[in-house]
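The following dialogue is a short tutorial on reading structural features from coordinates. The learner asks, and the teacher replies with the case at hand.

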Amino acid sequence: MKRNATAVWNGDIKSGDGHLTTGSETLKQTPYSFSSRFENGAGTNPEELIAAAHAGCFAMKLSYELQEAGFPATELHADCHIEFGIEGIKQSHIALTAKVANISDEKFAEFVKDAEENCPISVVLNTEIVVEYTLNG
């Protein structure tokens, strides 16, 4: 299985701009710029897309592991924040709210740790990953 995306950039780093398109066209010529990355300008940025990918991947991995163990989740709400600077990504922080019936906090923590370490996006990120969670039955 392969997935793809295309980035087009025009101009210099400060005054230029670009757009991103994914193979699925979920993003279709979505704008990005210096302003959207390093300030609060309109458009997306690579770190925001990494946050979305990590939140989604983590939630799916956790859902799969819980289902396989007989603890299907009613809802997993993963909110990811990427912290970065000139030297790169410093941390990916996931705040998770989970609705899972009939599971102990200790057992749930094991599944969270597994997803934190083994979802494919966690595996490729070369950074500290922090997950905090709230479990509701």
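Q: Which elements do the buried residues of α3 pack against?
A: This is a predicted model, and the reply should be read accordingly. The buried residues of α3 pack against two helices, α2 (46–68) and α4 (120–124), and against the strands β5 (88–100) and β6 (128–136).

Q: Which residues of α3 are buried, and where do they fall when seen down the axis of the helix?
A: A residue is called buried when its relative accessible area is under 20%. In α3 this applies to F108, F111, V112, A115 and E116. Seen down the axis of α3, these buried residues fall within an arc of 140°, so they line one face of the helix.

Q: How many Å should helix α3 span, and what is the separation of its end C-alpha atoms?
A: The estimate uses 1.5 Å a residue. The 14 residues of α3 (residues 105–118) should therefore span 20 Å, and the end C-alpha atoms are 20 Å apart, which agrees. For α2, with 23 residues, the expected span is 33 Å, and its end C-alpha atoms are likewise 33 Å apart.

Q: What is found at the ends of α2?
A: At the N-terminal end, N45 acts as a cap: one of its side-chain oxygens lies 3.2 Å from the backbone nitrogen of E47. After α2 comes G70, which has a positive phi, near 85°.

Q: Which residues of α2 are buried, and what covers them?
A: The buried residues of α2 are E47, A51, H54, A55, C57, F58, A59, L62, E65 and L66. Their cover includes the helices α1 (34–38), α3 and α4, together with the strands β4, β5 and β6.

Q: Which residues touch the most other members of the largest nonpolar core, and which element gives the most to this core?
A: A nonpolar core is traced through side-chain atoms of buried nonpolar residues. The largest one here has 24 residues, and those touching the most other members are F58, L62, L66, L96, V100 and F108. Two or more residues come from each of α2, β4 (73–85), β5, α3 and β6. Helix α2 gives the most, with 7 residues. As for L96, its contacts beyond four places in sequence include F58, L62, F108 and V112, as well as T134.

Q: Is S122 buried or exposed, and what does its side chain join?
A: S122, in helix α4, counts as buried because its relative accessibility is 6%. Its side chain and that of H54 are joined by a polar contact of 2.7 Å. Beyond four places in sequence, S122 touches H54, A115, E116, E117 and I129.

Q: How does T134 read by the criterion of accessible area, and which residues is it in contact with?
A: T134, a residue of strand β6, is partly exposed, with a relative accessible area of 42%. Leaving aside neighbours within four places in sequence, T134 is in contact with L96, T97 and A98.

Q: How many aromatic pairs are found, and which residues form a cluster?
A: A search of the whole structure gives 5 aromatic pairs. Ring pairs link F34, F38 and F84 into a cluster.

Q: What is the pattern of the protein chain as a whole?
A: The chain has 4 helices and 6 strands, and along the sequence they follow the pattern β-β-β-α-α-β-β-α-α-β. Its C-alpha trace spans about 55 × 30 × 25 Å along the principal axes. Of its 137 residues, 34% count as buried.

Technical notes
Residues numbered from 1 in each chain as written. Predicted model: local features only at pLDDT ≥ 70, side-chain atom pairs only at ≥ 80, totals over all residues. Heavy atoms only, no water. Expected span 1.5 Å × (residues − 1). Buried < 20%, exposed > 50% of the residue type's maximum accessible area, 1.4 Å probe, protein only. Arc of directions from axis to C-beta. Contact = heavy atoms within 4.5 Å. Polar contact = N/O pair within 3.5 Å; in protein donor to acceptor, adjacent residues only side chain to side chain. Core = buried A, V, L, I, M, F, W, Y, C linked by side-chain atoms within 4.5 Å. Phe/Tyr/Trp six-rings, centres within 6.5 Å; stacked < 30°, edge-to-face > 60°.
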